[in-house]
Amino acid sequence: MRMYWVKKILEWSNAPQDAFQTAICLNNKYFIDGRDPNSYAGVSWGFGLHDRPWKERPIFGKVRYMNSAGLRRKCDIGAYVDKVNRMVQ
């Protein structure tokens, strides 16, 4: 989920630097492993660190793109949403 949200934050932000700061802030506050070195690496990977360049596209440049179809291939979104909803109630 972290990678998907990092990609969305990058898409929604005015500048990659703003997106990175937002992602780190949210990561540190809401992820169990926030402030852990592996957590920072996960956020950074969403911005292209340790990844190869991909086809250039608007907003993302050569950073790997991810959409909701890619997320659905990686996990069961319905089950995730149900679990989060049970935790919130």
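Helix α1 and helix α2 cross in a right-handed way (the near helix is turned clockwise from the far one by less than a right angle). That's a good way into this predicted model, where local features need pLDDT of at least 70, side-chain atom pairs count only at pLDDT 80 or more, and totals for chains use all residues. Residues are numbered from 1 along each chain as its sequence is written, and side-chain values use heavy atoms, leaving out hydrogens and water.

**The overall picture**

What is the chain built from? It has five helices and zero strands (DSSP runs numbered from the N terminus, H or I of at least four residues for helices, E of at least two for strands). Follow the sequence along and you get α-α-α-α-α. Taken along the principal axes, the C-alpha atoms fill a box of roughly 40 × 30 × 25 Å. There are 89 residues in the chain, and 29% of them count as buried (under 20% relative accessible area with a 1.4 Å probe; exposed is over 50%, partly exposed in between). Take the contacts (heavy atoms within 4.5 Å) with a separation of 6 or more: 49% of them come from residues 24 or more positions apart.

**How α2 packs on both sides of the sequence**

Start with α1 and α2. Their axes (lines fitted to C-alpha atoms over the stretch in contact) are 9 Å apart, and the helices pack at about 145 degrees, on a scale from 0 to 180 degrees between N-to-C directions. On the α1 side, R2, V6, I9 and L10 do the touching; on the α2 side they meet P16, A19, T22, A23, L26 and N27. That contact has seven nonpolar, two polar and one charged residues (Ala, Val, Leu, Ile, Met, Phe, Trp, Tyr, Cys and Pro are nonpolar; Asp, Glu, Lys and Arg charged; the others, Gly among them, polar).

Now look at α2 (residues 16-30) and α3 (residues 37-46). The axes come within 10 Å and cross at roughly 145 degrees, and the crossing is right-handed. Here F20, A23, I24, N27 and N28 of α2 meet S39, Y40, V43 and S44 of α3. Sorted by class, the residues of this contact come out as five nonpolar, four polar and no charged.

**Three residues to look up**

| Residue | Helix | Relative accessible area | Status |
|---|---|---|---|
| L10 | α1 | 5% | buried |
| N27 | α2 | 1% | buried |
| K74 | α4 (residues 68-74) | 61% | exposed |

Which residues does L10 touch beyond its sequence neighbours? Setting aside those within four places, L10 is in contact with P16, A19, F47, I59 and F60. L10 counts as buried because its relative accessible area is 5%. From L10 to T22 is twelve residues in sequence and 9.1 Å in space, C-alpha to C-alpha.

N27 appears in both helix contacts: it meets α1 residues, and it is among the α2 residues that face α3. With neighbours within four places left out, N27 is in contact with R2, G34, R35, S39 and V43. Its relative accessibility is 1%, so N27 counts as buried.

And K74: buried or exposed? K74 is exposed, since its relative accessible area is 61%. How far is K74 from M1? The two are 73 residues apart in sequence, yet 9.2 Å apart in space, C-alpha to C-alpha.
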